[in-house]
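Here is a short note for a colleague who is opening this structure for the first time. Please read the points with the model in view.

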Amino acid sequence: MEHGPAIDLKGIGKRFGSFVALNGVDLAIRSGELLALLGPSGSGKTTLLRIIAGLEWPDEGELLLNGDSGLRRGVRERHIGFVFQHYALFRHMSVMENVAFGLRVTPRPRRPSDTEIRARVQKLLDLVQIGHLGDRYPSQLSGGERQRVALARALAIEPMVLLLDEPFGALDAKVRKELRRWLRQLHDRLSMTTVFVTHDQEEALELADRVVVLGHGRIEQIGTPEEVYGAPRNPFVFDFLGQVNRVRCQVRGGRAIVPYAHIEQMNGETSHDGPGTLYVRPHDVVLARDPAGPATVRFVGVVGPVVRIEIEVIMGAPVLEAEMPHHVYAGYRFAAGDRVSVRFRSATLFSDTPSEPQLSPADLSLLSAAL
Amino acid sequence: MMHDVAGPALLDRAPVRVHDPSLRAGARVETLALTQASPPTSADESPPRARPARRGVPWRPRSIIPGFGLTLGLTLSWLGLIVLLPLVALFARAAALDMSRFIETVTSDRVVAALRLSFGASLAAGVVNAVFGAVLAWVLVRYRFFGRRIVDALVDVPFALPTAVAGIALTALYAENGWLGAPLALLGIKVAFTPLGVFVALVFIGLPFVVRTIQPVLEDLSPEIEEAAACLGASRWQTIRRVIVPTLFPALATGFALAFARAVGEYGSVIFIAGNLPMVSEIAPLLIVIKLEEYAYGEATAVAAVMLLISFVLLLAINLLQRWSRRHMERR
Amino acid sequence: MARPRRSMADARTEHRAVRWVLIAVGLLFVGIFIVLPLVTVFTEALRQGFKAYFAALVEPDARSAIGLTLTVAAIAVPLNLVFGVVMAWAIAKFDFRGKSLLVTLIDLPFSVSPVISGLIYVLLFGLQGWLGPFLSAHDFKIIFAVPGIVLATIFVTFPFVARELIPLMQEQGTDEEEAALVLGASGWQTFWRITLPNIRWGLLYGVLLCNARAMGEFGAVSVVSGHIRGLTNTMPLHVEILYNEYNFVASFAVASLLALLALVTLTVKSVVEWKIGEGPRRRH
């Protein structure tokens, strides 16, 4: 079905007691896309997923599944595949029986024969590459294998939508990476609408066609991975995805001024003059050796392929972090104590959000006096 | 059913989508016209939509797991029929008692003596069980010795053994010609048919409660706590006294309370060994039975009501003690 | 090189001598208070040899006592099994106001003295009880008859199955049931295929305890039964009657049957616990 959104959420609200989990959430999920719900804990992402599945019920709002009202249906009738965070495998059943379960409880008229069930299950197990584990029990499997059983089980009922709750959270890094790649391939192969919840931004950015960033029960931004990382709409998104330097500045005539750094490209506008905060990614902070420079290198850390350099503009003030690829660093070889000049390749201005100012106005005036 | 049956089966679909980079739109680092920081709540790419008026959902189930109404209804009915109805009868009867007769009954010498024996012996037995039960639990959890599993299973015997069987066995054991009674008689101690016999019987039936309440707590005790204490220089005894015992105290109190509650109401194990002499070795439950046999329902109810009341007060006190000790521990 | 005398493991153990003393104390305690009484039952029963033992068991009053005990258990245990599962489901799978009050009420029969458990039924159904006149008008006896014994037994064994299942089901959570529902199973299917297999060992244990108590209950049944030999005597009551007649051997013989039942219960319980691999400890 390519017409209209596969899942349409309008004005969804949900409270648990006095805690507001979701507030005014509108989201249209396209048929066939791989969507990530990304956010910190408490942002409401799992609640939203469970509402789509029918495991939670919203207090207000509308849910449309392929155009039909989803809220008139209970969880059994929604025909949605759900993979639980801790897999929820039936511990007393073998892998084969786990995967076959959804088929075995289909109402009799539609239930396939036993032979057909077994054939389908085996095909699914082969699809998720655990075809040889059909007779094992969940307690005998590794985390990654259990994950795949959970996935096969959800796929067995041929759902129109697949929902995954923190699918790789409980696995160690290497397994996680493999499974991520494998999930992407599976999605390409099946072209099923898939929504997954994660707090791991790398996962969301790597896997998803679109990312929904959630914070405190609201959608902060929706976009492709490049959009949410490269053009964050507000400080929350900027802060949540990737590293950020928050730099105090003075705004004059709509332009931001930082006494110790030259800004090449500025995004964002504000009509108010006065103090403001610039958001700068570490990899947009460019350093050059300068004996008369305003900043001093405090710490150099070589982290694999990148080098992170902490610089200090005034003693005791929060440090700025610059990041550069190793081959760029090799040309400079900065060391602690070096004086450097600072350029911001790109900086974004958000008005009136001085969350943790790195330099106070007093510091700034002190600095301009010193310079 | 929304499932599109007409389409090809899941696994037979030809792979249509290749990882298509164009779908993840190219970098659009444009100058965004930013207004205030209030978050957008609609998808930025779809055409703006008039937001529908917020309204409640059409219908919502009480809970996702089915069967709430049915099971709760059955539970309340069964509970009401078997437990609540008879208890109401008790309280109605107690309330209907003539107050002066009630006090007269309850303060009569015989009743007071019986209550004193029941509660006194239960308290003493509870204390003994607390001490030895704790030792036993420790030994079972911490040490390995031949027959440990069997001993562990035996702890449950007083719980599983019918009270009458226990009663006659204890009597035979502690009678003057019994295996334990004879040596004790030589020391001049008479157990059977005395209040001491009551005490012994109550120790028997209260034994499993303390042990079984402490065992899980001991098992869950994190070894790091003791190791930390040792690193800091505490001796073994100090570690036990200052670290382990306070942790165990709530469980100990609970076990004591359970053993005590059970002992107060105990009948079968006690009446054989007790002697049942009014004013001397007669327990309160026996008094209730005697009054019932005399068809003195009112007096029986009065004694029962007092027993329940005293037990309730004592258990409440123990409960408060537990809560205090737990809060005290957490504050540290 | 000499081995170090204390290692890190010693941070958690006592001196050897202390250990052995504690073990001895524990064993002595168990020996005196548990082993000896158990052994006494059997030695007293066999005091006059096997012939007298078996004669006591096949005696008509003894046989009817055994029959009544089995009948009462056959009624009380299945009822409490079914309702115990129902109650555990209501409590463990849902959240609602008044839940802890409900749990306290379910636990109530456990903390009430057996004599009082019998008393309340006498107050309800006895000759001078609430429904006494109604019952005698219809010539239906509850107290001093079998129905009273059954009711009192149901009361005292009321919480056993639920008490075992509630913590078990709470610990298992609702994840698997939710998964089954999402896959399309109905409520019944979910219960039969998912929940029941998961709780089967706890259920077995609860039923065992329920049965042991049902067959061995003395105080409550004593109050409601009337002690009519051959009619309203259960095995524990029969033990008492024989004992009071100074017929010790017969008394202990019947008692030994009950003691064997207790031992079988404990053995099965140990096997069950061993099978589920040191699962959650039993609280009483």
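1. **Make-up of chain C.** Start with chain C, which has 13 helices and 0 strands. Read from the N terminus on, its elements run α-α-α-α-α-α-α-α-α-α-α-α-α. Keep in mind throughout that this is a predicted model.

2. **Dimensions of chain C.** The radius of gyration of chain C is 24 Å, whereas a compact globule of 284 residues would have one near 19 Å. Along the principal axes, the C-alpha atoms of chain C fill a box of roughly 85 × 60 × 30 Å.

3. **Burial and contacts in chain C.** Of the 284 residues in chain C, 56% are buried. Take the contacts in chain C between residues at least 6 apart in sequence. Of these, 71% join residues at least 24 apart.

4. **Surface and charge of chain C.** Chain C has an accessible surface of about 12400 Å². Carbon and sulfur atoms hold 67% of that surface. The chain carries 23 positive and 19 negative charges. Their mean positions lie 8 Å apart.

5. **A residue to inspect in chain C.** Look at C:Asn211, in helix 10 (residues 187-216) of chain C. Is C:Asn211 buried or exposed? Its relative accessible area is 18%, so C:Asn211 counts as buried; the cut-off for buried is under 20%. Leaving out residues up to four places away in sequence, C:Asn211 touches C:Ala73, C:Val77 and C:Leu261.

6. **Make-up of chain A.** Now turn to chain A. Its secondary structure consists of 10 helices and 21 strands. The C-alpha atoms of chain A fill a box of roughly 85 × 45 × 35 Å, again along the principal axes.

7. **Burial and contacts in chain A.** Chain A has 371 residues, and 60% of them count as buried. For contacts in chain A with a separation of 6 or more, 67% come from residues 24 or more positions apart.

8. **Surface and charge of chain A.** About 15000 Å² of chain A is exposed, and carbon and sulfur atoms supply 50% of this area. Chain A has 44 positive and 44 negative charges. The mean positions of these two sets are 5 Å apart.

9. **A strand residue in chain A.** A:Phe350 belongs to strand 21 (residues 347-350) of chain A. Its relative accessibility is 5%, so A:Phe350 counts as buried. Check A:Gly276 too. A:Phe350 and A:Gly276 are 74 residues apart along the chain, yet their C-alpha atoms are separated by 7.3 Å.

10. **Aromatic pairs, and one in chain A.** How many aromatic pairs does a search of the whole structure find? Over all chains, the search finds 32. One to view is A:Tyr332 with A:Phe334. Their ring centres are 5.1 Å apart and their planes meet at 10°, so this pair is stacked. A:Tyr332 is partly exposed, at 32% relative accessibility. A:Phe334 is buried, with a relative accessible area of 2%.

11. **A stacked pair between chains.** Next, see B:Trp78 and C:Phe158. The ring centres of B:Trp78 and C:Phe158 lie 6.4 Å apart with the planes at 20°, so the pair counts as stacked. B:Trp78 sits in helix 1 (residues 68-95) of chain B, while C:Phe158 sits in the loop between helix 7 (146-157) and helix 8 (160-172) of chain C, so the pair joins two chains. Both residues, B:Trp78 and C:Phe158, are buried.

12. **An aromatic cluster.** Which residues do ring pairs link into a cluster with B:Tyr267? They are B:Phe272, C:Phe218, C:Tyr243, C:Tyr246 and C:Phe248.

13. **A residue to inspect in chain B.** Finish with B:Val106, in helix 2 (residues 99-107) of chain B. B:Val106 has 15% relative accessibility, so it counts as buried. B:Val106 and B:Ala300 are 194 residues apart along the chain, and their C-alpha atoms are separated by 9.8 Å. Not counting residues up to four places away in sequence, B:Val106 touches B:Val111, B:Val112, B:Ala302 and B:Val306.

Conventions
Residues are numbered from 1 along each chain as its sequence is written. Chains are lettered from A and ligands numbered from 1 in the order in which they are written. This is a predicted model: local features need pLDDT of at least 70, side-chain atom pairs count only at pLDDT 80 or more; totals for chains, interfaces and linings use all residues. Side-chain values use heavy atoms; hydrogens and water are left out. Helices (H or I, at least four residues) and strands (E, at least two) are DSSP runs, numbered from the N terminus. The radius of gyration is taken over C-alpha atoms; the globule rule is 2.2 Å times the number of residues to the power 0.38. Buried means under 20% relative accessible area, exposed over 50%, partly exposed in between (1.4 Å probe, protein chains only). Contact means heavy atoms within 4.5 Å. Accessible areas come from the Shrake-Rupley method with a 1.4 Å probe; for residues, only the protein chains shown count as cover. Lys and Arg count as positive and Asp and Glu as negative; His and the chain ends are not counted. The place of a charge is taken as NZ of Lys, CZ of Arg, CG of Asp or CD of Glu. Rings of Phe, Tyr and Trp (its six-membered ring) pair if their centres lie within 6.5 Å; planes under 30 degrees apart count as stacked, over 60 as edge-to-face and the rest as tilted.
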